Amino acid sequence: MLFPNCEVGACPDETTLRSFLEEHREPMRLAVLDRQGLPQIATLWFRYEAGALWGVSHAEAWLTRRLQRVPKVGFEISTGFAPYRGLRGQGTVTLLPDDGGPQLDCLLARYGIGEHSRLARFLQGRRDREWALRLAPSKATFWDYASRMREPQAHG
(Lines give C-alpha, C1' and ligand atoms only; values in the text may rest on other atoms or scores of the structure.)
Protein backbone atom coordinates (compact mmCIF):
# COMPACT_ATOMS: atom_id res chain seq x y z
CA MET A 1 0.00 0.00 0.00
CA LEU A 2 1.15 3.51 -0.81
CA PHE A 3 0.09 4.77 2.63
CA PRO A 4 0.33 2.41 5.61
CA ASN A 5 -3.03 1.94 7.34
CA CYS A 6 -4.87 3.80 4.57
CA GLU A 7 -6.38 2.21 1.52
CA VAL A 8 -7.06 4.92 -1.07
CA GLY A 9 -10.65 4.82 -2.30
CA ALA A 10 -11.42 4.91 -6.05
CA CYS A 11 -7.75 4.52 -6.96
CA PRO A 12 -7.33 2.46 -10.14
CA ASP A 13 -3.86 1.25 -9.08
CA GLU A 14 -0.87 2.30 -6.98
CA THR A 15 1.23 3.17 -10.04
CA THR A 16 -1.29 5.81 -11.15
CA LEU A 17 -1.43 7.41 -7.71
CA ARG A 18 2.33 7.26 -7.17
CA SER A 19 2.92 8.89 -10.58
CA PHE A 20 0.41 11.62 -9.75
CA LEU A 21 2.05 12.37 -6.39
CA GLU A 22 5.57 12.35 -7.82
CA GLU A 23 4.78 14.45 -10.92
CA HIS A 24 2.23 16.92 -9.52
CA ARG A 25 3.72 20.30 -8.58
CA GLU A 26 0.78 22.37 -7.39
CA PRO A 27 0.95 22.82 -3.61
CA MET A 28 -1.03 20.75 -1.16
CA ARG A 29 -3.84 22.34 0.81
CA LEU A 30 -4.32 21.51 4.48
CA ALA A 31 -7.46 22.22 6.47
CA VAL A 32 -6.53 22.95 10.08
CA LEU A 33 -8.61 24.18 12.98
CA ASP A 34 -8.00 27.72 14.24
CA ARG A 35 -8.24 28.80 17.88
CA GLN A 36 -12.03 29.07 17.63
CA GLY A 37 -12.29 25.56 16.20
CA LEU A 38 -13.08 26.80 12.69
CA PRO A 39 -11.38 25.34 9.61
CA GLN A 40 -8.67 27.36 7.91
CA ILE A 41 -6.74 26.45 4.77
CA ALA A 42 -2.94 26.40 4.57
CA THR A 43 -1.15 25.89 1.26
CA LEU A 44 2.33 24.37 1.16
CA TRP A 45 4.78 22.55 -1.02
CA PHE A 46 4.71 18.79 -0.60
CA ARG A 47 6.39 15.61 -1.66
CA TYR A 48 5.54 11.94 -1.29
CA GLU A 49 8.09 9.65 0.32
CA ALA A 50 8.03 6.50 2.41
CA GLY A 51 4.28 6.25 2.85
CA ALA A 52 3.70 9.88 3.83
CA LEU A 53 3.22 13.38 2.46
CA TRP A 54 5.96 15.77 3.58
CA GLY A 55 6.09 19.55 3.89
CA VAL A 56 7.84 22.16 6.00
CA SER A 57 6.71 25.05 8.15
CA HIS A 58 8.66 27.61 10.15
CA ALA A 59 8.73 27.00 13.91
CA GLU A 60 6.97 30.32 14.58
CA ALA A 61 4.34 30.02 11.83
CA TRP A 62 0.68 29.87 12.80
CA LEU A 63 0.45 26.53 10.97
CA THR A 64 3.15 24.96 13.13
CA ARG A 65 1.58 26.30 16.31
CA ARG A 66 -1.87 25.02 15.30
CA LEU A 67 -0.53 21.58 14.40
CA GLN A 68 1.18 21.33 17.78
CA ARG A 69 -2.24 21.69 19.38
CA VAL A 70 -4.40 19.83 16.85
CA PRO A 71 -2.46 17.50 14.51
CA LYS A 72 -5.53 16.13 12.70
CA VAL A 73 -6.04 17.69 9.26
CA GLY A 74 -7.95 17.46 6.04
CA PHE A 75 -5.87 17.65 2.86
CA GLU A 76 -6.19 17.98 -0.89
CA ILE A 77 -3.70 17.69 -3.72
CA SER A 78 -5.37 18.42 -7.04
CA THR A 79 -5.05 19.96 -10.45
CA GLY A 80 -6.43 23.42 -10.96
CA PHE A 81 -7.19 22.75 -14.60
CA ALA A 82 -9.11 20.23 -16.67
CA PRO A 83 -9.10 17.31 -16.71
CA TYR A 84 -9.50 17.44 -12.95
CA ARG A 85 -7.83 14.83 -10.78
CA GLY A 86 -6.49 14.62 -7.29
CA LEU A 87 -6.25 13.09 -3.87
CA ARG A 88 -8.12 14.26 -0.79
CA GLY A 89 -8.58 12.92 2.67
CA GLN A 90 -7.83 13.17 6.34
CA GLY A 91 -4.79 12.37 8.39
CA THR A 92 -2.48 13.23 11.24
CA VAL A 93 0.60 15.45 11.05
CA THR A 94 3.72 14.67 13.04
CA LEU A 95 6.05 17.64 13.55
CA LEU A 96 9.76 16.85 13.24
CA PRO A 97 11.92 19.88 14.18
CA ASP A 98 15.23 18.15 13.39
CA ASP A 99 14.21 17.13 9.87
CA GLY A 100 13.11 20.54 8.58
CA GLY A 101 16.37 21.51 6.86
CA PRO A 102 16.76 18.30 4.83
CA GLN A 103 13.06 18.37 3.85
CA LEU A 104 13.41 22.02 2.81
CA ASP A 105 16.30 21.04 0.52
CA CYS A 106 14.17 18.33 -1.09
CA LEU A 107 11.23 20.71 -1.60
CA LEU A 108 13.36 23.47 -3.11
CA ALA A 109 14.76 20.95 -5.60
CA ARG A 110 11.32 19.43 -6.32
CA TYR A 111 9.78 22.83 -7.07
CA GLY A 112 12.75 24.00 -9.15
CA ILE A 113 13.80 26.82 -6.84
CA GLY A 114 17.43 27.58 -7.70
CA GLU A 115 19.78 27.60 -4.74
CA HIS A 116 20.95 31.14 -5.56
CA SER A 117 17.46 32.59 -5.95
CA ARG A 118 16.21 35.19 -3.49
CA LEU A 119 13.56 32.80 -2.17
CA ALA A 120 16.02 29.94 -1.63
CA ARG A 121 18.48 32.24 0.14
CA PHE A 122 15.70 33.53 2.40
CA LEU A 123 14.43 30.05 3.28
CA GLN A 124 17.92 28.59 3.72
CA GLY A 125 18.78 31.51 5.98
CA ARG A 126 16.24 30.25 8.50
CA ARG A 127 16.50 26.51 7.85
CA ASP A 128 17.41 25.77 11.45
CA ARG A 129 13.89 26.93 12.41
CA GLU A 130 12.04 25.00 9.67
CA TRP A 131 10.16 21.95 10.93
CA ALA A 132 9.28 18.95 8.79
CA LEU A 133 5.59 18.03 8.61
CA ARG A 134 4.91 14.33 8.07
CA LEU A 135 1.29 13.76 7.08
CA ALA A 136 0.10 10.17 7.47
CA PRO A 137 -3.28 9.79 5.72
CA SER A 138 -5.91 7.77 7.57
CA LYS A 139 -8.63 8.21 4.94
CA ALA A 140 -8.14 9.16 1.29
CA THR A 141 -9.90 9.16 -2.06
CA PHE A 142 -8.39 9.62 -5.52
CA TRP A 143 -10.40 11.02 -8.40
CA ASP A 144 -9.69 11.47 -12.10
CA TYR A 145 -12.32 13.02 -14.36
CA ALA A 146 -10.27 12.74 -17.56
CA SER A 147 -12.56 10.16 -19.17
CA ARG A 148 -15.64 12.32 -18.47
CA MET A 149 -14.04 15.48 -19.82
CA ARG A 150 -12.63 14.20 -23.12
CA GLU A 151 -14.23 15.53 -26.25
CA PRO A 152 -16.11 12.85 -28.18
CA GLN A 153 -14.17 11.55 -31.16
CA ALA A 154 -15.64 12.25 -34.60
CA HIS A 155 -16.54 9.13 -36.55
CA GLY A 156 -15.84 9.34 -40.16
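Colleague: Is E115 buried or exposed?
Modeller: This is a predicted model, and the values are computed from it. Exposed means over 50% relative accessible area. E115 has a relative accessible area of 62%, so E115 counts as exposed.

Colleague: Where does E115 sit, and which residues does E115 touch, leaving out those up to four places away in sequence?
Modeller: Start with the place. E115 is in the loop between α3 and α4. Residues up to four places away in sequence are not counted. The contacts that remain are A120 and R121.

Colleague: How far is the C-alpha atom of E115 from that of D105?
Modeller: Along the chain, E115 and D105 are 10 residues apart. In space, their C-alpha atoms are separated by 9.1 Å.

Colleague: I113 is in that loop too. Which residues does I113 touch, leaving out those up to four places away?
Modeller: I113 lies in the loop between α3 and α4. Its relative accessible area is 22%, so I113 is partly exposed. Beyond four places in sequence, its contacts are W45, L108, L119 and A120.

Colleague: Now α3 itself. Which elements do the buried residues of α3 pack against?
Modeller: Helix α3 spans residues 100-110. Its buried residues are G100, G101, Q103, L104, L107, L108 and R110. They pack against two helices and several strands, namely α1, α4, β4, β5, β7 and β8.

Colleague: Which residue with a positive phi follows α3?
Modeller: Look just past the helix, which covers residues 100-110. The phi there is positive, near 65 degrees, and the residue is G112.

Colleague: How many aromatic pairs does the model hold?
Modeller: Ring centres must lie within 6.5 Å to count as a pair. By this rule the count is 3.

Colleague: What kind of aromatic pair do F3 and Y48 form?
Modeller: Their ring centres are 5.6 Å apart. Their planes stand at 85 degrees to each other. Planes over 60 degrees apart count as edge-to-face, so the type is edge-to-face.

Colleague: How many residues apart in sequence are the parts that F3 and Y48 tie together?
Modeller: F3 is buried, at 0% relative accessibility. Y48 is buried as well, with a relative accessible area of 12%. F3 lies in the segment before β1 and Y48 in strand β4, so the parts tied together are 45 residues apart.

Colleague: What kind of pair do the rings of W45 and Y111 make?
Modeller: The ring centres are 5.2 Å apart. The planes meet at 15 degrees, so the pair is stacked.

Colleague: Which loops does the pair of W45 and Y111 tie together?
Modeller: W45 is partly exposed at 21% relative accessibility. Y111 is buried, with a relative accessible area of 16%. The two residues lie in parts 66 residues apart in sequence. Those parts are the loop between β3 and β4 and the loop between α3 and α4.

Colleague: Which ring lies under the charged end of R110?
Modeller: R110 is one of the buried residues of α3. Its charged end sits 4.7 Å from a ring centre, over the ring of F46.

Colleague: How far is R88 from the ring centre of W143?
Modeller: A charge over a ring must be within 6 Å of the ring centre. R88 meets this, lying over the face of W143 at 4.1 Å.

Colleague: How many disulfides are there?
Modeller: A disulfide needs two cysteine sulfur atoms within 2.5 Å. Take C11, which is partly exposed at 21% relative accessibility. Its closest cysteine sulfur, in C6, is 10 Å away, too far for a bond. For the model, the count of disulfides is 0.

Colleague: Where does A50 lie?
Modeller: A50 is not a glycine, yet its phi is positive, near 50 degrees. A50 is exposed, at 63% relative accessibility. Its place is the loop between β4 and β5.

Colleague: And where is A10?
Modeller: A10 also has a positive phi, near 60 degrees. With a relative accessible area of 64%, A10 is exposed. Its place is the loop between β1 and α1.

Colleague: Last, the hairpin of β2 and β3. Which residue in its turn has a positive phi?
Modeller: β2 and β3 pair in the antiparallel sense over 6 bridges. One bridge joins L33 to P39. The hairpin has 5 residues between its strands, and the one with a positive phi, about 80 degrees, is G37.

Conventions. Residues are numbered from 1 along each chain as its sequence is written. This is a predicted model: local features need pLDDT of at least 70, side-chain atom pairs count only at pLDDT 80 or more; totals for chains, interfaces and linings use all residues. Side-chain values use heavy atoms; hydrogens and water are left out. Buried means under 20% relative accessible area, exposed over 50%, partly exposed in between (1.4 Å probe, protein chains only). Contact means heavy atoms within 4.5 Å. Two strands pair if DSSP finds at least two bridges between them. Rings of Phe, Tyr and Trp (its six-membered ring) pair if their centres lie within 6.5 Å; planes under 30 degrees apart count as stacked, over 60 as edge-to-face and the rest as tilted. A charge sits over a ring if NZ of Lys or CZ of Arg is within 6 Å of the ring centre and within 35 degrees of the ring normal.
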